[in-house]
Amino acid sequence: MASSSLDRFRITGGCRLEGEVTVTGAKNSVLKLMAASLLAVGTTTIHNVPDIADVDIMADLLTRLGCTVKHEGSVVTIEVPAAPLHRADYDLVRKMRASINVLGPLVARVGKAEVALPGGDAIGSRGLDFHIKGLESLGATAHVEHGYVIAEAPNGLTGTAIELDFPSVGATENLMTAAVLAQGVTTIDNAAREPDLVDLGEFLIGMGAQIDGLGSPLITITGVKELKPTDHTTITDRIIAGTWAFAAAMTQGDITIHGGRADHMEVMLEKLTHAGAIVTSTQDGIRVQMNQRPRAIDVATLPYPGFATDLLPFIIGMNAVADGHSIVTENVFESRFMFVNELMRLGAQITVDGHHASIDGIPQLSGAPVEATDIRAGAGLVLAALVSDGETTVDGAFHIDRGYPNFAEQLVSLGAKVSRE
Ligand code: EPU
């Protein structure tokens with residue numbers, strides 16, 4: 001996907017969104033599947049791949065590691081050589097947090113990995129201590145040197161019992177993708193339960209891995225000697241589906257979300273219902289209608305199945321124009337509230353104290369120039385601009401491109417006045 005760092009969105013507020021959208025494959029699943037393809041020699045095929053910038057970055061990274069990657073339409077094929085390289089350089093890794101997901105597969109397959117400390121969104125400190133400690137308990141040596149995580153296991157990994165201090169998505173993924181080729185049984189306690197992680201587990205099972213307990217806090221992995229390439233269809237993106245659900249609620253609109261999986265968004269849909277939305281199941285997704293000004297609702301973000309931290313900008317945006325006062329608490333990433341400063345430029349009445357935001361809803365925001373600081377904050381500002389009087393520009397469109405395919409076009413098809421410049 002072509003995108004320039006100078007691109008911005010220009011939005012004229014005051015539109016009710018109405019119509020249909022189709023949700024594509026989940027970014028936070030497909031990037032991990034691509035990284036995990038390193039575990040098997042040969043050609044792995046992934047379907048339902050979204051056209052987003054992060055997929056291109058992961059393709060470049062795998063190419064640098066010696067793979068041949070083709071991305072045609074919504075299908076990616078990755079041909080993995082018998083001996084991939086083991087170094088993931090800073091210039092690519094800094095662009096995207098998910099690059100760290102090559103760490104586990106490389107240590108397991110090649111016995112060595114050097115991965116630059118990742119960048120990605122400016123949403124918090126995002127440590128790697130769980131990844132490193134977990135690899136060490138699997139028998140690897142791991143340390144950080146000159147900005148790189150260096151992990152080695154020349155004699156292979158050995159299964160063990162791991163307990164995570166926090167159900168980290170990335171750490172669970174890296175340790176699961178390392179343990180599939182370890183000798184013996186590994187358990188990961190307090191594991192993340194996100195649908196993307198379950199999708200990765202099922203992908204690994206398709207490669208021949210033995211994994212039990214996916215979607216529960218205790219995952220058990222029995223190592224196998226070798227994995228084979230697979231053919232897998234990615235699950236749909238619950239955060240994009242959630243974005244459209246909030247877009248309907250905020251603009252008092254009516255959006256049918258094809259591919260939106262209610263079973264992956266239960267807490268969020270319940271919250272929207274409390275806010276006054278009518279949520280119905282359709283043959284292949286959900287429909288969200290809002291016939292009134294939303295009611296303000298209190299929310300605390302939590303690891304899955306709790307309310308997703310990625311949806312924080314949308315719930316705050318909705319509460320900013322809702323009827324009443326609300327408290328939104330962020331429990332996963334300490335810097336997500338950076339977005340609030342931008343929202344306040346649109347006139348939102350918000351006070352932040354630690355990890356709580358206190359919001360007084362007003363009927364309408366007021367258009368202004370603002371800047372996206374990460375993917376979700378960017379999309380959240382575009383939605384907020386829709387319920388603002390006058391014109392808003394959102395700089396940093398490339399952040400949004402990292403996670404939302406054709407965002408402006410989809411908004412226009414729903415009746416929004418949005419252009420890209
Ligand atoms: N953490 C540590 N040490 C670690 C690992 C994590 O302290 O070794 C902390 C983090 O600093 C954070 C918390 O644990 O405070 C949760 O981090 P987690 O590892 O669960 O998140 P992640 O794997 O870095 C993924 C998604 C995020 C999503 C979170 C939470 C990807 C590429 N990213 O991040 O998605 O918000 O899980 O669900 O899968 C996005 O898509 O915009 C995005 C940021």
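Which residue is the bridge partner of Val-115 in β9?

## Strand β7 and its partners

In this predicted model, the bridge partner of Val-115 in β9 is Val-149. That pair belongs to the contact between β7 and strand β9 (residues 148-152), where five bridges join the two strands in an antiparallel arrangement.

Strand β6 (residues 87-88) also pairs with β7, but here the strands run parallel and are joined by two bridges; Arg-87 stands opposite Glu-114 of β7. Strand β7 itself, spanning residues 112-116, is mostly covered, with four of its five residues buried.

## Surroundings of the ligand

The ligand is surrounded by 25 residues, of which the closest are Lys-32, Asp-129, Ser-168, Val-169 and Val-332. By residue class, the shell divides into ten charged, nine nonpolar and six polar residues. Domain 1 (8-23 + 236-420) and domain 2 (27-233) each supply at least three residues to the shell.

## Polar contacts and burial

Oxygen atoms of the ligand lie close to polar backbone atoms at two positions, with a distance of 2.8 Å at Phe-130 and of 3.3 Å at Gly-127. A side chain takes part as well, since a polar side-chain atom of Asp-310 lies 3.0 Å from an oxygen atom of the ligand.

Taken alone, the ligand exposes 820 Å², and the protein buries 91% of that area. The elements that give two or more residues to the surrounding shell are the helices α1 (27-36), α5 (129-137), α6 (169-179) and α12 (375-386).

Notes. Residues numbered from 1 in each chain as written. Predicted model: local features only at pLDDT ≥ 70, side-chain atom pairs only at ≥ 80, totals over all residues. Heavy atoms only, no water. Buried < 20%, exposed > 50% of the residue type's maximum accessible area, 1.4 Å probe, protein only. Pairing = 2+ DSSP bridges. Near = heavy atom within 4 Å. Polar contact = N/O pair within 3.5 Å; in protein donor to acceptor, adjacent residues only side chain to side chain. Areas by Shrake-Rupley, 256 points an atom, 1.4 Å probe, with all protein chains shown as cover. Nonpolar A, V, L, I, M, F, W, Y, C, P; charged D, E, K, R; others polar. Domains from an automatic or database assignment.
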